[in-house]
Amino acid sequence: MDNNSVRDKVLAAIRQYDMLTGCKSVTVAVSGGADSVALLHSLKMLEKELGFELSACHVNHNLRGEESDGDEAYVRSLCRELDVPLRVFSVDVTGSVAKHQSTEERARELRYEAFAEISRELGSKVATAHNACDNTETVLLNLLRGTGLKGLCGIPPVRDYLIRPLLLCTREEIEEYCGENGLRYVTDSTNASTAYTRNKIRLELMPRLLEINPSLHEGVGRMTFALGEDSRFLEEMAENAIAEAKAGDGVYLCEKLHSLPEPILHRVISLMLREKDVEPTSLRITGFSEIIKSGTGKINIEKNKFAVVRKGVAEVQVIPQNYRKKIT
């Protein structure tokens with residue numbers, strides 16, 4: 001493989017998905033693994049050509065003791081070697097896990113909070129090292145859990161300030177690129193554990209699927225790109241529909257809503273829920289859709305928040321409730 005192939009695919013992804021329009025600063029999220037090391041190196045090679053300022057950030061989750069600190073030390077040395085400014089975040093995952101939340105979920109939350117902070121401070125795009133294999137794993141994971149169109153779209157190449165320039169590269173290509181360019185990288189010991197569903201897909205299911213179709217990742221990539229285009233079209237229709245149905249601040253006309261095709265109505269309801277900081281789950285969307293179609297109703301969708309339909313309008317109302325504690 002040409003040792004510039006990853007760099008060329010990164011450049012192709014940046015252009016294909018228009019990742020850097022109006023952007024003069026890119027911060028790479030560097031864990032120290034092969035993917036993020038290759039991304040940092042390839043973007044360093046493209047920095048002058050594309051005219052942006054490159055920096056890096058590293059989030060130490062403090063979950064693996066000396067191993068976590070070793071990853072941080074390696075990222076620091078790599079950034080010094082490449083002359084890339086680095087910002088390190090040290091976060092307390094185990095001490096901040098909420099009830100019914102996994103350590104993995106909390107780690108992800110804190111990681112993306114750090115990315116958002118550095119994006120605000122520097123006005124930069126944040127490049128994460130998700131690759132073509134990660135995209136395939138995400139699609140399979142969503143499929144196994146039961147998903148709609150959005151889940152089959154995989155990892156979005158661009159979302160708000162986040163960009164994924166490695167999405168056209170496989171993990172094998174990335175590791176080969178690191179070897180050919182003399183790039184060391186660290187390996188997270190938890191990657192070998194099948195205690196995580198994603199790792200089971202990666203280590204057990206993926207090899208069997210690649211036996212059946214060696215071009216699996218390319219095929220999934222084509223599918224997610226095509227479905228992503230469809231999804232964006234439907235979302236644009238939903239945005240137009242919700243604007244037409246608006247009768248006031250957070251209030252929408254039912255006559256406009258219940259005449260909408262189901263795929264558009266569900267997306268409109270999703271937008272209505274997000275306006276009130278409610279996660280648009282399938283159950284909530286379906287329940288809200290049913291009372292819109294019936295013309296009246298009220299359902300509790302979250303603590304102190306209700307989907308309400310009455311007098312021809314639909315809205316999400318915030319109604320504080322007095323919850324009495326049971327005396328035992």
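**Sheets, helix packing and cores in a predicted model**

Strands β1 and β2 run parallel and are joined by five bridges. The model is predicted, and residue numbers count from 1 along the chain. Within this strand pair, Ala29 stands opposite Cys57 of β2, and Thr27 has Ser55 of β2 as its bridge partner. Of the eight residues of β2, seven are buried, so this strand is largely enclosed by the rest of the structure.

The β1 and β2 pair belongs to an open sheet of six strands with the order β3-β2-β1-β4-β6-β5, in which the pairing is mixed. The edges of this sheet are taken by β3 (86-90) and β5 (158-159); each has a single partner strand, so one side of each is left without a neighbour in the sheet.

Overall, the chain contains twelve helices and eleven strands. Its C-alpha atoms fill a box of roughly 70 × 50 × 45 Å along the principal axes. The chain has 328 residues, of which 44% are buried. Among contacts in the chain with a separation of 6 or more, 65% are between residues 24 or more positions apart.

The largest nonpolar core comprises 37 residues, and the members that touch the most others are Leu20, Val26, Val28, Leu40, Leu43, Leu54 and Leu166. At least two residues of this core are supplied by each of α1 (5-16), β1 (25-29), α2, β2 (53-60), α3 (66-82) and α7. Helix α2 gives the largest share, seven residues. The surroundings of Val26 can be listed in detail. Leaving aside residues up to four places away in sequence, Val26 touches Leu20, Leu43, Phe52, Glu53, Leu54, Ser55, Ser124, Lys125, Ala127 and Ile163. A second core, separate from the largest one, has 25 residues, including Ile242, Ile269, Leu273 and Ile291.

Two of the helices that contribute to the largest core, α2 and α7, also pack against each other. Two packed helices are described by the angle between their axes and the distance between the axes. For α2 (residues 34-50) and α7 (residues 171-180), the axes come within 9 Å and cross at roughly 65°. The crossing of α2 past α7 is left-handed. On the α2 side, the contact is made by Ala34, Asp35, Ala38, His41, Ser42 and Met45, and on the α7 side by Arg171, Ile174, Glu175, Tyr177 and Cys178. By type, the residues of this contact divide into six nonpolar, two polar and three charged.

Another open sheet has five strands in the order β7-β8-β11-β10-β9, with antiparallel pairing. Here the edge strands are β7 (246-248) and β9 (297-302); each pairs with a single partner, so one side of each is left without a neighbour in the sheet. From one strand to the next, the twist averages 25°. Helix α11 (residues 262-275) lies across β8 (251-253), β9 and β11 of this sheet, running at about 30° to β11.

Within the five-stranded sheet, β9 and β10 run antiparallel and are joined by five bridges. Ile299 has Ala307 of β10 as its bridge partner. The hairpin of β9 and β10 has two residues between the strands, and Asn304 in this hairpin takes a positive phi near 70°. The pairing of β10 (residues 305-310) with β11 (residues 313-318) is likewise antiparallel, and extends over six bridges. In this pair, Val308 stands opposite Glu315 of β11.

Positive phi values also occur at two residues in loops. Lys311 lies in the loop between β10 and β11 and has a positive phi of about 50°, although it is not a glycine. The relative accessible area of Lys311 is 78%, and the residue is exposed. Asp83, in the loop between α3 and β3, has a positive phi of about 60° and is likewise not a glycine. Asp83 is exposed as well, with a relative accessible area of 62%.

How values were computed
This is a predicted model: local features need pLDDT of at least 70, side-chain atom pairs count only at pLDDT 80 or more; totals for chains, interfaces and linings use all residues. Side-chain values use heavy atoms; hydrogens and water are left out. Two strands pair if DSSP finds at least two bridges between them. Helices (H or I, at least four residues) and strands (E, at least two) are DSSP runs, numbered from the N terminus. Axes are lines fitted to C-alpha atoms, for helices over the stretch in contact, and angles run from 0 to 180 degrees between N-to-C directions. Contact means heavy atoms within 4.5 Å. A crossing is left-handed if the near helix is turned anticlockwise from the far one by less than a right angle, and right-handed if clockwise. Ala, Val, Leu, Ile, Met, Phe, Trp, Tyr, Cys and Pro count as nonpolar, Asp, Glu, Lys and Arg as charged, and the others, Gly among them, as polar. A nonpolar core is a set of buried Ala, Val, Leu, Ile, Met, Phe, Trp, Tyr and Cys residues joined through side-chain atoms within 4.5 Å. Buried means under 20% relative accessible area, exposed over 50%, partly exposed in between (1.4 Å probe, protein chains only).
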